[in-house]
Amino acid sequence: MSVKATWIWALVGLWLLSAVPVGAQGYGGLGTEAQGYAVPSPQTLIEFPKDHGPHPHFRIEWWYLTANLTGEDGSNYGAQWTLFRNALKPPAAQKSPEAGNWSTSQLWMGHAAVTTPSAHYVSETRARGSLGLAGAQSLPFSAWINDWRLAAKAPGDQNFRQLTVAASGAGFSYQLDLKARGPLIFHGQNGYSVKSSSGHASHYYSQPHFEVSGRLNLPDGSVNVIGTAWLDREWSSQPLSAAQSGWDWVALNFSDGSKLMAGQLRGGGGGNRRDETYTSATWISPRGTSTSYPDGSLSMEEVSRSTVADRAVPTVWRVKLPDKAIDIEIEALNKNAWMSTSFPYWEGPVVIRGTHSGRGYLEMTGYK
Amino acid sequence: MTLQIALRVLWSHWTYRPLQFLTLLVGLSLATGLWTGVQAINTEARSSYDQARTALLPQANQVLQRRDGQSIKLTTYVALQQSGWRTSPVLEGELSSGNTRIKVIGVDLVSMPQTMDSWSQDDGKFNLAAFLTSPHLILASADIAKQAAILPGVAIVTTGKNVPPGTIITDIDLAERLLDKPGQISRLVLAPRQSLMQTELQVLAPQLERIINQSAADIDRLTDSFHLNLSAFGMLAFAVGLFIVQGTINLAFEQRRGMCRTLRVLGVSLRTLALALILELLMIAVIAGAAGVILGYFIAALLLPDVAATLRGLYGAQVSGELDFRVGWWLTGLAIAIIGTLLASFWSLLKLLRMPVLAAAQPRAWALMTRRGTFYRLMVSGGLLMLALALLQWGSGLVVAFSIVATCLLGAAVVLPDAIASLMGVFERFARRPVSQWFWADTRQQLPGLSLALMALLLALAANIGVSTMVGSFRLTFDGWLDQRLAAELYVRTANEKQSIKLRDWLQGRADAVLPVWNVVTTIEGEAGQIFGFSDHATYRNYWPMLQLQQGGWDNVAAGRAVLINEQLARRRGFAPGDVIRLSEDHKLPVAGIYSDYGNPRPQAMINVDLLTRWFPKVAKTRYAIRVDAAKSQALAEEIRLKFGLEGRNLVDQASIKRRSLEIFERTFTITQALNVLTLSVAGFAIFTSLLTQSSMRLPQLAPIWALGLTRRQLAGLEFLRALLLAALTMIFALPLGLGLAWLLLAVVNVEAFGWRLPMFLFVDDWLVLALYGLVATAFAAAIPARRFSTIAPADLVKVFAHER
C-alpha cells in the first residue's frame, strides 16, 4: 500500500505548504526527515483498541473507507469517507503553556463522496483539533470532523466489529452500518509496511471485510443500499522522496470472496525503467489470509482514457497478477468521479471483468 | 520624404517661438496632471476597498451575526458545525501599540472556504503551520509591520498583499489573546456551498441572523459620492487646461497659414500636410502627456494622505496613504492628453486643411466674432440652462446633480464674451473723447482672442466662489451643530457594566447628570444602522439639533412611543414625522422628529433608553455622557481617571471631541481647496498666455494709434488697464454664477452625496480676497506684454506700415 500512502503524503504536505511550488524536491518542507516526530519501527506491535485511535506523535494518519453499494432500485453506487490527521509541530513542541480555546497542534480534513452511475457528489470539510470539532478516540471507537462521524456501534467493540458512518455535503448525505465479516488484515510485517528501499515505512492495517447496509440521500430522493466496504488505517511520519508524477491504486472484491489491493507509482520519467514505475500488491484469500507481492509482480496498463474535469484520465485498466492467475479489466462505474477537493484526484467505484469478476474502488492522482 | 520635410518646416515654427511652445506644453501637462492626479487617488482608494473586501471575506459574502450585535459564543459555533453548517469564525477588534491603533482580524484559515489563494504573502509563499501555531506568523499591512512585530505571541510578521492598511491578520487563537476576548466570535463567514443535512438556523441559533456583509459591501456606495466629487474637480481642471491648449494651438495654426500655403504651392499634398500636422500634435501630446502623468503622480502623492484621513474619518474606509505607480495611469494619462489635444485642435486643423491653395495667406482676425456666432452661442447657452432646469426638476442622483452644475457652468461660460462685448458697446456709446471711444471699440475687437481665457477664468472663479461658500457654510453649520450635539461636558466608556454601576454611584452628587449613550448596530429599514438609547433630560430637549419635531415629540419619544431619526435616513427613504419606521426586524415606531447628523454616512435612530434595553437586553451598558459645571469638568475628569483608570478614548472631554471633529472636517476639504487653487492657477496661466500671444499680433492695431500721437507708455498702460478691466468684469459675472453653484452644491449635490442639506451663508470678505487675487494674477499676466510694448523700438512700429499688412 505504499502507493496510496505516498500520494496522501503529498496531498497533505501540499495542503500544509500550499504555496510551495509543486515539483520542488521532496514536496517542499516535508523533506525526508522525521524532524522530531515518532518513526515507525518493525519492533512496534499494533495493539487494539489503542491503535484505532489517533497517534499524535506521528506526523500523519488517516481513516479511509470506500464502499461498493447496490440500491433497492438495482443501481450500483459508491461511497467514500476519509478523515486525515496532520500534526502541525513535533510532539516536543505540541504542549503550549498559554493554550487558548483555539490552540491546536493537529489539523483535520475530511473528504466524502457518493458516486452513482450518472452523478458524483463530493464534499470536503476541515477543522482544527480544538473545541472538539474534529478528532478520534480508540474506545469507544470514534473518528469525527464537524457533523461527519465513523464510530463503533457498541461501546465495548475493540475490533471494528460494527461501525456506523455518516457524512453530508452539498447535494448529498449518507448513513451506513458496517458489519465485519472477516479479520483485520496487517500489511507488510505485522502492520509494519515498508515504503521504499531506503527504509521509509508506515504502520498499516485494514478491515476489508465489511458488509454494508444503509441509506443514501441524493437530490432526487433517498435510496436504501447494501454492499461491501473496506477500511484502511495508516500512520507515519516520513514522507517519501517524491519525484513521481502520480499514482494508480485499486482495492478489488472478487465474487469468489478473495480480494486484491494493487497499485503503481508512476515515475517522473527521468531515470531508467526500474525507477519509472513501482508496483505493489496484496492478495487476500476468502478466509482472510494475505500475501504481499514485491515490486514487479503486478502490472497495470491503461486501456482507455476519458475526458474528466478537462483532463484525460484512464478509466479502463488491465490488471495482471500472474502468480494468482489474475488477468482482469476494470472499468469505472462513472468516469466522472472527480474529487474536486483542495487537491483534486479521481476516486470512484469500478466493475471487474476477465478471469475474475466483482467490484472495487479505483484511485488515481497526477493526471493533468 | 516630403512628410519629413513638411514636419521639419512646421516644427521650425516652435523654434522661433519657444515661449509659445512652452505654454502649450505647460497647459497640456497641467490639464493632464490634474486629471491623472485625481484618477490616481480614486484608483488607489478603490484598490484599498477591494483589499479590505477580499481580506474580510474571501469568496463568500454571507455571514452570520447576532441580531443584537454582541459576540457569538463558542458553543454556538460548535453546535452549528456539528449540525452540518459550514462556517468559519472571525474575531475582530482594535488594539494600540505605542501610538498606533491596529485593527486585528482573527481568522481560522483551516475552516475558511477556499482561502489558500487569497492569503499569499508578498514573497508568494505562505506557511500555514507557522500561522496556526504559537508563537505565530501573522500578516500585517506594510504601514504597521514594525508595531505589529512587538506584539506578544508574534514570531514573524510578514506583509501580505491582501491586508488592508493599519491591519493585521492573525490566527483566531492569537487574536483572542491580543484582544483579550476569550471565547468570543464577531461573526461567522458562511461557506458558499452548504451541506444537504442542516438543522435550521431558527432552531439551532435563533439569536443569529444571516446577512450580506454590509461593512465591506457598503464602502463602495458610501464613498462613491466622495470620488465622484473628486472626479468632477478633475474634469473641471482638465477643461480649464484645455482652454489654454486650444488658445495656443489656434494661434499657432493661424500664424502658420502662410507656411502651409507655401508648402502646398511647393507641391506638398494635402494628405501629407494633414499627416504632418497630426503627427506634430501627437508628438506634443505625448511629451506633454508624459510630463502630465508625472505631475499627476506628485499631486496625488501630495494629496493622498489627506484623502486617506478623510475617508477614514468620514466612512471608516481604510485607504493606504502610499501611492503605487500604476501602468494604467500612463496609458489613460497619455490617452487623455492625446484626445484633449485633438479635440482642442479639431477646428483649427479643419479650417487650415480647407484653405484653398492660392488664398491669401494673411492671418484673419483671429476667430472673428460674428453676429451669427452670438446668436448661436445664445442658443447653446439657453439650451444648456434649460437642460439644467429640467434636470433639477426631474432628475435625481449624484451624477445628475453634477450634470446640473456642469451645464450651468458651461452655459454661463459660453455667453460670457457676448455679455462683456455688449457691455463694452454700452460704454462706447457713453464715451465722448476719441481715445476712450477707441479704447472701448478696441477692447471689444480684442475680445474674441481673449474669450477662451476669460471663460477659463470665469469657470475657475465661479468654482472657487461656489466651493468656498459651500465649505464655509458647512463649517459654520457644523460648528454650531457640534455645540448642540456635544452638549455634555464629559464622555466616558467603562470597561464593563460592573464598572458602569460603580461609576454611576460614585458620580451621584459629583455630576449634574449621568446620561446613558448606549447603542446597538442593527438593520434599520433593511440597511445597517445604529439605534441609540437616551434618557429624557433637558440636555436633549434644549440642545439636540432638531430639524423637524412633532408637537409633543420629546414626550412621545421619552414614553417609548416614538423615535427620532437622522436626516440622512429621512431623506434617503423619504420619511417625515408621523411615518412608521422599521427598526431592526421585530420593531416598528412612528417618527417624532428628524435631527441633523453630519459626518455619519449610515442611518441612525434614537429611542428611549429603557425601550432600548427592553428590545436589546444585552446592549453594552458602558457609554455615558456626564453633565457637570463646565468649570469643574477638568477636575472631575482627572478624578475619574485616577479612581477608575479610564483614559484615552475611554474618557474624552467635549473640547477634544470637538477639536477632532473639526480636524476631520478641515481635512475633508483640504483636497477640495487644493484643487480649487490649482484650477485658479491654471486659469491665471490661461490669461497670461492669451495676453502674451495677442500682444505679438497687436502691433498692426496699435501702430496707427502710436502714429496718431499716443506714447508707447500710454498705450502700454491702456493695454494693462484693459486686461484688469476684463478680469474685473469676469469677476463680477463670476459672482452670481459662483453663488448659484454654491446653492447647487449645498442643496442638490450634498443631499445626493451625503444625505443632508445645509443652509447657505455668504462670505463677502472671501469674495473681496478672491477678487484681489484675481486682479493681482491678471496684473502679473498683463504686466509682461505691456512692459514689452512700452519698450518696443519705434522702428518696429514704423515697420508695420512698411509691411503694408
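**Exercise 1. The helix pair H13(B) and H14(B)**

Task: In this predicted model, find how H13(B) passes H14(B), and work out how the two helices are oriented to each other.

Solution.
- Step 1: Start with the handedness. The crossing in which H13(B) passes H14(B) is right-handed.
- Step 2: Take the geometry. H13 of chain B covers residues 398–430 and H14 of chain B covers residues 434–485; their axes come within 9 Å and cross at roughly 155°.
- Step 3: Compare with the cut-off. Angles over 145 degrees count as roughly antiparallel, and H13(B) and H14(B) are therefore roughly antiparallel to each other.
- Step 4: Sort the contact residues by class. Between H13(B) and H14(B), the contact comprises 18 nonpolar, four polar and two charged residues.

**Exercise 2. The helix pair H23(B) and H24(B)**

Task: Now try the pair H23(B) and H24(B): at what angle do their axes cross, and which classes of residue make up the contact?

Solution.
- Step 1: Locate the helices. H23 of chain B spans residues 712–753, and H24 of chain B spans residues 764–790.
- Step 2: Read the geometry. The axes of H23(B) and H24(B) cross at roughly 155° and come within 9 Å.
- Step 3: Draw the conclusion. H23(B) and H24(B) are therefore roughly antiparallel to each other.
- Step 4: Add the handedness. H23(B) passes H24(B) in a right-handed crossing.
- Step 5: Turn to the residue classes. The contact of H23(B) with H24(B) has 19 nonpolar, three polar and four charged residues.

**Exercise 3. Linking the two pairs: H14(B) and H24(B)**

Task: H14(B) and H24(B) also pack; describe their arrangement and name the residues that make the contact.

Solution.
- Step 1: Recall what is needed. Two packed helices are described by the angle between their axes and the distance between the axes.
- Step 2: Fill in both values. H14(B) and H24(B) pack at an angle of about 150°, and their axes are 11 Å apart.
- Step 3: Classify the orientation. This angle makes H14(B) roughly antiparallel to H24(B).
- Step 4: Note the handedness. H14(B) and H24(B) have a right-handed crossing.
- Step 5: List the contact residues. H14(B) brings Leu461(B), Asn464(B), Ile465(B), Ser468(B) and Gly472(B), while H24(B) brings Asp766(B), Trp767(B), Leu770(B) and Gly774(B).
- Step 6: Group them. By class, the contact of H14(B) with H24(B) has four nonpolar, four polar and one charged residues.

**Exercise 4. A hairpin in chain A**

Task: Describe how S3(A) and S4(A) are joined, then decide whether S4(A) is largely enclosed or open.

Solution.
- Step 1: Set the scene. Chain A has three helices and 23 strands, and buried residues make up 52% of its 368 residues.
- Step 2: Look at the pairing. S3 of chain A, residues 106–115, runs antiparallel to S4(A), and nine bridges join them.
- Step 3: Check the connection. S3(A) and S4(A) form a hairpin, with four residues between them.
- Step 4: Pick out one position. Gly110(A) stands opposite Thr125(A) in S4(A).
- Step 5: Judge the surroundings. S4 of chain A covers residues 120–128, and eight of its nine residues are buried, so this strand is largely enclosed by the rest of the structure.

**Exercise 5. Positive phi in two loops of chain A**

Task: For Asn190(A) and Asp310(A), give the loop in which each lies and say whether each is buried, partly exposed or exposed.

Solution.
- Step 1: Begin with Asn190(A). Its phi is near 50°, a positive value in a residue other than glycine.
- Step 2: Place Asn190(A). The loop runs between strand S10 (185–186) and strand S11 (192–194) of chain A.
- Step 3: Use the neighbour count. Asn190(A) has 14 C-beta neighbours inside 10 Å, so it counts as partly exposed.
- Step 4: Move to Asp310(A). Phi here is near 65°, also a positive value in a residue other than glycine.
- Step 5: Place Asp310(A). The residue is in the loop between strand S18 (299–308) and strand S19 (311–321) of chain A.
- Step 6: Count again. Asp310(A) counts as exposed because it has 7 C-beta neighbours inside 10 Å.

**Exercise 6. Cis peptide bonds**

Task: Where in the structure do Pro49(A) and Pro135(B) lie, and what is omega for the cis peptide bond leading to each?

Solution.
- Step 1: In chain A, the peptide bond from Phe48(A) to Pro49(A) is cis, with omega near 5°.
- Step 2: Pro49(A) sits in the loop between helix H1 (2–16) and strand S1 (60–71) of chain A.
- Step 3: In chain B, the peptide bond from Ser134(B) to Pro135(B) is cis, with omega near -10°.
- Step 4: Pro135(B) belongs to the loop between helix H4 (128–132) and strand S5 (136–140) of chain B.

Note on methods:
Residues numbered from 1 in each chain as written. Chains lettered and ligands numbered in written order. Predicted model: local features only at pLDDT ≥ 70, side-chain atom pairs only at ≥ 80, totals over all residues. Buried ≥ 20, exposed ≤ 12 C-beta atoms within 10 Å, placed from the backbone. Axes fitted to C-alpha atoms, helices over the stretch in contact; angles between N-to-C directions. Parallel < 35°, antiparallel > 145°, perpendicular 65-115°, else oblique. Left-handed = near helix turned anticlockwise from the far one by under 90°. Nonpolar A, V, L, I, M, F, W, Y, C, P; charged D, E, K, R; others polar. Pairing = 2+ DSSP bridges. Contact = placed C-beta atoms within 7 Å.
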